[in-house]
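Trainee: I have a new structure open and I don't know where to begin. Could you walk me through how to read it?

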Amino acid sequence: MASDLPFLGSREAMELQEFSRKPKRNVSRTLGELLQRVGDSTGDNNPASHHVFEVDHDPVYQPAASMPFVLSFHNLTYSIKVRRKIIPSCFRRTVAHGSSGNVMEDKSGFKVLLNNISGEAREGEIMAVLGASGSGKSTLIDALADRISRESLKGIITLNGEILESKLLKVISAYVMQDDLLFPMLTVEETLMFSAEFRLPRSMSRSRKKARVQALIDQLGLRTAAQTVIGDEGHRGVSGGERRRVSIGTDIIHDPIMLFLDEPTSGLDSTSAFMVVKVLQRIAQSGSIVIMSIHQPSYRILSLLDRLIILSRGQTVFSGSPVTLPAFFAEYGHPIPANEDRTEFSLDYIRELEGTPGGTKSLVDFNKSWQMKNPRISHTNGTRLSLKDAISASISMGKLVSGSTNVDSNLSSSVPIFANPFWIEVLVIAKRSFTNSKRAPELFGVRFGAVLVTGIILATIFWKLDNTPKGVQERLGFFAFAMSTTFYTCAEAIPVFLLQRYIFVRETSYNAYRRSSYVVSHALISIPSLLVLSLAFAAITYWSVGLAGGTSGFLFFLIFIFASFWAGSSFVTFLSGVIFNVMMAYTVVVAILAYFVLFSGFFITRDRIPAYWIWFHYLSLVKYPFQGVLQNEFDDPSKCFVRGIQVFDSSPLRAVPDEIKLKLLKSMSKTLGMNITSSTCLTTGSDILKQSGVTDIDKWSCLWITVALGFLFRILFYFALLIGSKNKRK
């Protein structure tokens, strides 16, 4: 069947039964080659169908015994600076002597997380790292996966005897995090298909990618859940074991040479955990190096593992095959009872030693002597290929589907860093975001409802404003509130990226796509929603309030509303890339937007702002749209807003009868030497603009500045992702 993949086996292989631990290299093909044949056999017209095809055993496709990859690591040491807490002097003696031998902390205040760890992992095998919580399991996995800064990690890591560059490691490996970071509203099939779009080259037809995904679904045992959404706390979805297998599937779609997993069985029942590790065994047998951390494997899982490294406080207390555990502890003087589980006894005994004054030092020393007496025989000495030749051979046999056909002397340049060009990544990310948003319309619905309600309230409160001095003040208030509202409603976009942040980090850490592609796609996918919000708000308020300018004035008002939404959305997106906590991000956004409104020029005009605060006035995002819509409203020189006796409306004389006001106008006329009647225009729109202090920049410049600020914050968002999403420990 199309699901008969070498690294996973047939459907019957997923049943809970015992299998041979050792890979059968003479009958196993790579995932890439078999799936390439699957795609060819299914054809481009009906990729989802399954056809029977014969799997011959042509020696051309057999991984030769002289070609295995060997990942070696020597004397890995990693420590972090400990922040000391202030402890009362009466407790210092207790703290200093209460846990000797357990806490690996030197005199300089550094806590040692890894202490001279050495070992090797080979193609076709699963190496598992065991230990209690805090023993350094995840730290060792991170060190091997290049998730620790090279400046902080001491020691040597080589692949086939050559130092492995960080750039190349990202291309040939994959990392499965402990948490299942998936989009909740995508189905299992959609999740794997989007992963295929990211990790498989453009040269591979879409039908072959679909066939690959369908085969992967079958072999991961996800056929019944293929059309089920992943789900989250608010939406029922797949089970925990199925979710974990989906996470693994997203990272092995391109058939990596090395696969790192941080506790892939955490939180699963024994059956689901066994099925997950069985999948990992098949991946290893296809020609991959599989390295995983695991807390306490069951007997059945232990039978699938090829090599164990047991850690205690960052030190190696055992390294070797699981079958040698009884002999190891028997020679140490503490044999494992016949009715005891090997790993359970080992971890419990190590935990007991950690509570003793001497800690596990004796066991660490014994392990070193044990390794010297029982060295592991290397089957690759003298015949192991160079790293360049080994990668080239793997690619030629269909592994590491990256679009490269050969490997030159410069490994980093010959193997493509990204499987697809920039514009393909932008389209795929946009399509995924749209699909996920479409299934959760309440997110946009809440924001649209907020804009709709705000527009209706403003339209009813400021209904059909007149051109009197009082109407002028009310127009100023309307514009100030309307422009600030567009920015405050953008604050609801804060959780969008924060919820996706760790998915983004996981995908970009191993070059699924470029950070720039994500930023551009994120901006493009926001434009349609911003346009809908702008159109709804402008249509509700413009004609109801009675703003000036007719159709052209409405279009300009609409453009400014859209530019405000664009700048506000970009600003909030940038802050979400800098601040990781949702509540803190909300607090910062609301505070900064309040300052923007304060310095916008409405509450205090530009000429009244102190010189030491004027810089904030020009940094205010609200200033430019507020100033632009005011100029759009009052730029008609023929329109009058104060005539004759209306000049007294904003003074204490507004309650005086009109006859007295007319007499006052005549007195003023004689004093000023000009004729002022009840119809004389005393204040035009230009006068209002000068009084408001919004004439330093014209309305078109305000529009371009608002749009440019939106682009500026998108660029800053990119640099925030570039700097803040390295996903490496210091």
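Mentor: Sure, let's begin with one residue: Asn75 sits in strand E1, which covers residues 70–81. Keep in mind that this is a predicted model.

Trainee: What is the phi of Asn75 like?

Mentor: Phi of Asn75 is near 55°, a positive value in a residue other than glycine.

Trainee: And is Asn75 buried or exposed, or something in between?

Mentor: Asn75 is partly exposed, since its relative accessible area is 46%. Now try Glu263, another non-glycine with a positive phi, here about 50°. Glu263 belongs to the loop between strand E7 (258–262) and helix H8 (270–285). With a relative accessible area of 13%, Glu263 counts as buried, because the cut-off for buried is under 20%.

Trainee: How do I read a sheet?

Mentor: The general idea is that strands of a sheet pair through backbone hydrogen bonds, either parallel or antiparallel. So you look for who pairs with whom, and in which sense. E1 is part of an open sheet of four strands, in the order E2-E1-E4-E5, and the pairing is antiparallel.

Trainee: Which strands stand at the edges there, and why does that matter for their neighbours?

Mentor: Strand E2 (110–122) and strand E5 (162–163) are at the edges; each has a single partner strand, so one side of each has no neighbour in the sheet. Look at the E5 end: two bridges join E5 to strand E4 (residues 154–159), and the two run antiparallel. In that pairing, Thr158 stands opposite Ile163 in E5.

Trainee: Which other sheet can I practise on?

Mentor: There is an open sheet of six strands, ordered E6-E7-E8-E3-E9-E10, and its pairing is mixed. Its edges are strand E6 (173–176) and strand E10 (315–320), each with a single partner strand, so one side of each is left without a neighbour in the sheet. From one strand to the next, the twist averages 15°.

Trainee: Where do I see the mixed pairing?

Mentor: Follow E9. Strand E3 (residues 126–130) and strand E9 (residues 307–312) run parallel, joined by four bridges. Leu130 has Ile310 in E9 as its bridge partner. E9 and E10, on the other hand, pair in the antiparallel sense over five bridges, and Ile309 has Ser319 in E10 as its bridge partner.

Trainee: How do E9 and E10 connect?

Mentor: They form a hairpin with two residues between them. Arg313, in the turn, has a positive phi of about 55°.

Trainee: Which helices pack on this sheet?

Mentor: Among them is helix H11 (residues 342–354), which touches E3, E9 and E10 and whose direction makes about 20° with that of E9.

Trainee: E10 is at an edge of the sheet. How many of its residues are buried?

Mentor: Six of the six residues of E10 are buried, so the strand is largely enclosed by the rest of the structure. Lacking a neighbour in the sheet on one side is a separate matter from burial. Have a look at Asn367 in helix H12 (residues 361–373). Leaving aside residues up to four places away in sequence, Asn367 touches Thr316, Val317, Phe318, Ser319 and Phe328. Asn367 is buried too, with a relative accessible area of 4%.

Trainee: What about transmembrane regions?

Mentor: For those, start from the record. An unreviewed UniProt entry lists "transmembrane region" for residues 442–463, 475–499, 519–542, 554–575, 582–604 and 703–724. Then check the model: residues 442–463 are 91% helix and 0% strand, with end C-alpha atoms 30 Å apart. Residues 475–499 are 80% helix and 0% strand, and there the end C-alpha atoms lie 39 Å apart.

Trainee: How do I describe two helices that pass each other?

Mentor: Give distance, angle, handedness and contacts. The axes of helix H17 (residues 469–488) and helix H23 (residues 623–634) come within 9 Å and cross at roughly 145°. The crossing is right-handed. Residues in contact include Phe479 and Met483 in H17, and Phe626 and Leu630 in H23. By class, this contact has eleven nonpolar, no polar and two charged residues.

Trainee: And the overall picture?

Mentor: The protein has 26 helices and twelve strands. Of its 730 residues, 54% count as buried. Among contacts with a separation of 6 or more, 78% come from residues 24 or more positions apart.

Note on methods
Residues numbered from 1 in each chain as written. Predicted model: local features only at pLDDT ≥ 70, side-chain atom pairs only at ≥ 80, totals over all residues. Heavy atoms only, no water. UniProt positions renumbered as here; feature names shortened; annotations may be inferred. Axes fitted to C-alpha atoms, helices over the stretch in contact; angles between N-to-C directions. Left-handed = near helix turned anticlockwise from the far one by under 90°. Contact = heavy atoms within 4.5 Å. Nonpolar A, V, L, I, M, F, W, Y, C, P; charged D, E, K, R; others polar. Buried < 20%, exposed > 50% of the residue type's maximum accessible area, 1.4 Å probe, protein only. Pairing = 2+ DSSP bridges.
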